[in-house]
Amino acid sequence: MTHWQNLLARSITTPEQLGRHFDLDFSALRGVSEQFPMRINPYYLGLIKTPGDPLWRQAVPDPRELEDTICLTDPLDEENRSPVENLVHTYPDRVLFLVTNQCAMYCRFCTRKRKVGTSRMLVSRQTMESAFAYLRKNKQIRDVLISGGDPLLLSDETLAWLLDNLRAIPSIQIIRIGSRVPCTLPMRITTRLAGILKRYHPLYLNTHFNHPDEVTPEAAKACARLAGAGIPLGSQTVLLKGVNDNAATITELMHRLLMIRVKPYYLFQADMTLGANHFRTRVETGIGIMQSLIGHTSGLAVPTFAIDAPGGGGKIPLTPNYLTSLGKTVTLKNYLGAPCGYHNDLD
Ligand SMILES: *Cc1c(COP(=O)(O)O)cnc(C)c1O
Ligand code: SF4
């Protein structure tokens, strides 16, 4: 067993283990962790400072997960958009390819909490072969986003096999890996792994950080290895109530990501996922946060704020409104609210 596999094997997966660690009684959480799996590996556990803090909220089951009556099991309608198992084809030119049901931690707000870490999601060489056949046949697909679960929980060998197969399909121009491992288990990013990944360029890696406390020296080392292998790094962040739903936290996170060579990509409104209703914030909160970023900090630090449309309509960007009128003259206001005009009287 490698170091990261050993860490993973020592994860907390039951309320009893959690209770022993924090010296508290968590037996009330048993129903929750039976419905939605828990996995808190020793690395991420070590980042939690105190019960109820922003990292705790992402990792520890909450009784409210079973009280949700508003949200949807499959908010993005992924199951109906899967022409073959574990492949979601929403946009014509790109697909989401789910290659494992395992994650280094099971985030309580996960969009796929209906199935990650459970037998409700099964990936096998056979489902992957069906996806390769679909990708070979549908030549308009030029971008494959590998996700899960977390693709980097696959062994080095399986990952290389998967990437070999994708690279053998000429119509695929770019491969993207969506992985939370640089945040939740950065020890997985070994020099051996970086050496494998660099064989498949152009390959992009999009990770997922939600709080400045997650940007640790270990995460920095993992990202330096990936960037050193020539892999452009992006990150998505989910706006989560009680975790990061204010301008100061998001601004600090964006700055810290840039310091570890990760470019903020999306800031997502939390999906309407069954069992995650208590994490949702009002859309106005996100727009206000964007307003406090745009112009006030480097453009590099500004992600695209988006809602992934319930029902599977795709990602819809939301931007604060800087346009006050649109006609022969355009009137605008800048990030400080100062008005400005632009002559638009052109053919
Ligand atoms: C997010 C997503 C993509 C990729 O979208 P980008 O905006 O290109 O990053 C592709 N397919 C599905 C189903 C997705 O959810
Ligand atoms: S790492 Fe990603 S896929 Fe896995 S539980 Fe967290 S949000 Fe879901």
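Me: A polar contact is a pair of N or O atoms within 3.5 Å (within protein, one must be able to donate a hydrogen and the other to accept it, and neighbours in sequence count only through side-chain atoms on both sides). What makes the pair between ligand 1 and Arg 176 a polar contact?

Reply: This is a predicted model, in which local features need pLDDT of at least 70 and side-chain atom pairs pLDDT 80 or more, while totals for chains, interfaces and linings use all residues. Residues are numbered from 1 along each chain as written, chains are lettered from A and ligands numbered from 1 in the order written, and side-chain values use heavy atoms, without hydrogens and water. An oxygen atom of ligand 1 is 2.9 Å from an N or O atom in the side chain of Arg 176, which is within 3.5 Å, so the pair is a polar contact. The side chain of Tyr 266 likewise has an N or O atom 2.5 Å from an oxygen of ligand 1, and for the side chain of Lys 315 the distance is 3.0 Å. The protein covers 88% of the 390 Å² of accessible area (Shrake-Rupley method, 1.4 Å probe) that ligand 1 has on its own.

Me: Which residues surround ligand 1, and which strand gives the most to this shell?

Reply: Residues with a heavy atom within 4 Å count as near, and those around ligand 1 include Val 88, Thr 90, Tyr 91, Arg 94, Leu 96 and Tyr 265. Strand E1 (87–91), strand E2 (94–98) and strand E7 (263–268) each supply at least two residues of the shell, where a strand is a DSSP run of E with at least two residues and a helix one of H or I with at least four. E1 gives the most, with 3 residues.

Me: How do you know that E10 and E11 are paired?

Reply: Pairing requires at least two bridges found by DSSP, and 3 bridges join strand E10 to strand E11 (residues 329–333), which run antiparallel, so the two are paired. One bridge partner is known by name: Leu 323 is matched in E11 by Leu 332. The open sheet of 3 strands has the order E10-E11-E12, with antiparallel pairing.

Me: What makes E10 and E12 edge strands?

Reply: Strand E10 (323–326) and strand E12 (339–343) each pair on one side only.

Me: What makes Asp 77 and Arg 261 stand out in their loops?

Reply: Asp 77, in the loop between helix H5 (54–59) and E1, has a phi near 55°, a positive value in a residue other than glycine. Arg 261, in the loop between helix H11 (247–259) and E7, is not a glycine either, yet has a positive phi of about 70°.
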